[in-house]
Amino acid sequence: MNVMKTVMRRGLWFSLFSFVLLATGALLGPLSPVEAQGATTPVSLFHYRVLTQDLVRHTLRIEAEFPIEAFTGPDKILALPVWTPGSYKVRDYSKSLGTMELLDVPGGTVSKIAKNRWQLEGDFANRTTIKVAYTVYGHELTVRTNYFGPDLALIVGAATFVAPAPLLSSSLSGWRCQVDFPEYSDSISTSLESNPSDPQLSFLAPNYDELVDSPILLGKLEERPFFVNQKRHALVLAGDTRFWNIAKSLSDVEKIVSTEFEFWGEMPYDHYLFMNLVTEARGGLEHLDSTVMMTNRFATQEREKYLEWLGLVAHEFFHTWNVKRLRPEALGPFDYENEVYTPSLWVVEGITSYYDDLMVRRAGLSTRAEYLKALSKQLNTLANTPGRKARPLSTASLDAWIRLYQPTDNSINDNISYYNKGAVVAWLLDTEIRRQTQGRRNLDQLMKAAYRRFSNSGYSQSEFRSFASEFTGLDLEPFFHNALDTTEELSLDSALDYWGLEWKEDPSDSEAIPYFGVRTAALNGHLVESVEAGSPASTVGISAGDELIAIDSLRVTSTGPNEILKHLKVGRSYQVLIARRGSIHSYEVPLEKAEFVKRKLQSTGDKGPAYQRLERWLGPETVVNATEKLH
């Protein structure tokens with residue numbers, strides 16, 4: 001048994017908890033059935049036993065025990081969250097729960113009364129606890145869903161652990177939680193504290209919120225610890241790591257941690273885990289004292305992919321402050337059974353998306369040109385998203401629950417990403433503050449001041465906007481109104497002038513491709529995934545789901561239509577052959593000049609005041625061997 005687990009404690013709370021657990025458990029009441037079997041669990045706990053014998057079939061069995069007084073009202077109802085913090089979509093995790101049974105209550109029954117609720121019925125008059133058992137199926141490999149296998153298992157708390165309803169932080173905050181893994185033989189990694197009575201197989205959380213926000217990783221893991229500010233951090237690797245440069249990635253993660261610690265000035269945790277799953281999946285999800293990331297096995301061998309991974313590390317770690325502590329008021333305390341709405345996800349995700357690549361740059365892990373390329377990508381993505389003209393940024397944030405995480409084939413036309421546009425707005429806001437204060441104030445200072453003001457209470461959008469003006473001494477409301485509340489185009493002119501940058505057509509993209517207006521599937525260039533409103537394709541009636549067969553009598557290949565389009569002429573009409581629901585259709589499509597032209601940021605070359613500001617912002621040019629052999 002190898003427990004990949006930190007042993008640092010959460011100060012006074014943990015000391016007191018340990019004392020109560022080990023020395024005064026008898027004062028807490030009679031033994032529960034679990035205690036009678038030899039465990040030392042006091043009845044003031046939510047206690048979960050996770051049985052892993054069926055991992056080969058992607059299934060866990062959970063035995064859960066709750067104090068009788070944890071149930072409010074006459075009904076005994078258990079519930080499972082419908083969403084997980086950090087991922088704003090109702091995922092209905094209960095679809096993966098098997099039949100629930102009531103244990104140790106003769107004649108007792110369990111009735112499903114809602115999609116995520118179970119009512120327990122039986123004679124509970126002389127009982128101090130209620131115990132149930134259920135199975136959980138997990139075979140979806142994302143950072144926000146359960147995935148169970150014999151070599152790797154990711155346990156997402158919200159998708160796994162039921163609790164007495166209603167699932168509100170306020171009603172569950174007084175209940176500690178214990179999770180046991182009897183007889184599990186491989187490694188366990190989690191930011192939960194080890195239970196002193198069984199530190200290898202038992203873990204503790206001070207409340208249900210922390211249990212839900214602490215993923216648990218099982219399998220054949222490799223942990224590499226490092227210390228920053230005398231606090232333990234660790235890079236935990238899972239999956240196929242044969243091609244992963246562990247030494248370099250560990251060193252670079254440490255540099256990012258040091259850079260972000262320097263930015264915020266404090267570390268609001270005792271220890272932190274970077275769970276890096278090399279599984280060919282993608283994504284990251286922040287948690288209170290950890291993050292789960294998924295990546296490609298060759299990411300450390302290719303410079304561009306490696307920079308993307310470093311940006312992911314910086315992004316998720318930045319969330320330790322910006323969202324886990326500095327947060328919109330809707331994002332805690334939580335209601336785990338319903339959507340929680342906020343128009344401020346542009347702060348949570350957009351500002352973080354601005355700082356992620358910037359932190360990689362500040363850590364000395366990318367060149368100035370590489371950073372400007374990353375910022376150019378954000379600007380190009382925004383300029384090439386028609387939905388920017390349809391939905392304001394604040395509304396896109398509010399609609400996250402039904403739009404960003406549930407896209408349709410028309411999303412390109414009617415929605416905007418608060419990650420992408422939020423990052424551009426953050427850059428422009430940083431620039432505007434610096435410009436109007438002659439460099440005395442910047443977004444770094446604003447975020448740290450907001451952290452001090454709001455980290456214990458949360459903020460509304462109006463409070464954040466008002467505080468930004470108050471702290472900087474500027475009237476920023478016109479900027480916020482235009483950037484957040486309208487669909488007006490964002491002007492780059494002032495920012496380009498301030499930093500001495502040009503937004504020039506990218507020579508590498510100089511071959512102008514006539515505008516057709518379709519976007520095809522990445523792995524199947526024949527399949528139309530979306531059609532831009534008002535485009536030539538849309539005008540003649542080509543739709544998402546159509547299969548492109550030929551353009552101008554030339555067969556469309558699996559790489560998509562651009563290989564043909566780049567040889568055609570603007571202003572002429574061409575025959576486009578498509579298949580739709582088993583029928584062949586032909587259209588005459590007039591090709592137009594594309595409105596969007598890929599561009600890139602570059603310095604004007606003028607070494608005057610603007611260039612000096614650029615150097616203070618991005619630092620002097622770093623010598624990075626971008627072609628070094630990473631593996």
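Which residue takes a positive phi in the hairpin of β17 and β18?

1. In this predicted model, the residue in question is N229, whose phi is near 55° in a hairpin that has 2 residues between its strands. The two strands concerned, β17 (residues 222-228) and β18 (residues 231-239), pair in the antiparallel sense over 7 bridges. Among the residues in register there, E223 has V236 of β18 as its bridge partner.

2. Turning to the aromatic residues, the count of ring pairs comes to 42. One of them joins F318 and Y355, and because the ring centres are 5.1 Å apart and the planes meet at 20°, under the 30 degrees that is the limit for stacking, this pair is stacked. F318 belongs to helix α6 (residues 303-318) whereas Y355 belongs to helix α7 (residues 345-362), so the pair ties together parts that lie 37 residues apart in sequence. F318 has a relative accessibility of 0% and therefore counts as buried, and Y355, with a value of 0%, likewise counts as buried.

3. A second stacked pair is formed by F467 and F471, with 6.1 Å from centre to centre and 25° between the planes. Here both residues lie in helix α13 (residues 461-472), where they are 4 residues apart, or about one turn of the helix. F467 counts as buried because its relative accessibility is 5%, which is under the 20% cut-off.

4. Ring pairs also link a set of residues into a cluster, which consists of F263, W264, Y269, Y272, F274, F317, F318, W321, Y354, Y355 and Y451. F263, a member of this cluster, has K448 lying over its face at 5.5 Å from the ring centre. Elsewhere, R613 lies over the face of Y498, at 4.3 Å from the ring centre.

5. As for the nonpolar interior, the largest core has 167 residues, of which Y48, Y88, Y208 and W427 touch the most other members. Helix α7 gives the most to this core, with 10 residues. When residues up to four places away in sequence are not counted, W427 touches Y354, L375, L379, L492, A495, L496, W499 and W617; Y354 is also a member of the ring cluster described above. A second core, separate from the largest one, has 18 residues and includes V528, V531, Y574 and L591. As general background, nonpolar side chains tend to be buried together in soluble globular proteins.

Conventions:
Residues are numbered from 1 along each chain as its sequence is written. This is a predicted model: local features need pLDDT of at least 70, side-chain atom pairs count only at pLDDT 80 or more; totals for chains, interfaces and linings use all residues. Side-chain values use heavy atoms; hydrogens and water are left out. Rings of Phe, Tyr and Trp (its six-membered ring) pair if their centres lie within 6.5 Å; planes under 30 degrees apart count as stacked, over 60 as edge-to-face and the rest as tilted. Buried means under 20% relative accessible area, exposed over 50%, partly exposed in between (1.4 Å probe, protein chains only). A charge sits over a ring if NZ of Lys or CZ of Arg is within 6 Å of the ring centre and within 35 degrees of the ring normal. A nonpolar core is a set of buried Ala, Val, Leu, Ile, Met, Phe, Trp, Tyr and Cys residues joined through side-chain atoms within 4.5 Å. Contact means heavy atoms within 4.5 Å. Two strands pair if DSSP finds at least two bridges between them.
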